[in-house]
Amino acid sequence: MSEIKLSLRQIFNEAVETADPKQRGEYLAHACGADAALRRSVEELIEAYNDAGRFLGGAGETAG
């Protein structure tokens, strides 16, 4: 697995565990730094995770 995919997975996992939107935003700013594409990818994964949870009966977080 490439280094970027491992980083993306780690950032995603930590971000979805952070329920507070402000804290999540701060974490993403720190974890992604100036890499706007990485941050966008993580945010898209979080959105898909949340959508899947609603589709599957609430397994994901609520939209934030």
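Me: Hi! How many aromatic pairs does a search of the whole structure find?
Reply: Just one turns up. Rings of Phe, Tyr and Trp (its six-membered ring) pair if their centres lie within 6.5 Å; planes under 30 degrees apart are stacked, over 60 edge-to-face, and the rest tilted.

Me: Which residues form it?
Reply: Phe 12 and Tyr 49, edge-to-face, at 5.9 Å centre to centre with 80° between the planes. Phe 12 sits in helix H1 and Tyr 49 in helix H3, 37 residues apart. Helices (H or I, at least four residues) and strands (E, at least two) are DSSP runs, numbered from the N terminus.

Me: Is this predicted, and how are residues numbered?
Reply: This is a predicted model, where local features need pLDDT of at least 70, side-chain atom pairs count only at pLDDT 80 or more, and totals for chains, interfaces and linings use all residues. Residues are numbered from 1 along each chain as its sequence is written, and side-chain values use heavy atoms, leaving out hydrogens and water.

Me: Back to Phe 12: buried or exposed?
Reply: Phe 12 is buried, at 16% relative accessible area, while Tyr 49 is partly exposed at 34%. Buried means under 20%, exposed over 50%, partly exposed in between (1.4 Å probe, protein chains only).

Me: And which residues are in the largest nonpolar core?
Reply: There are nine, including Phe 12, Leu 28 and Val 42. Such a core is a set of buried Ala, Val, Leu, Ile, Met, Phe, Trp, Tyr and Cys residues joined through side-chain atoms within 4.5 Å. Helix H1 gives the most, with four residues.
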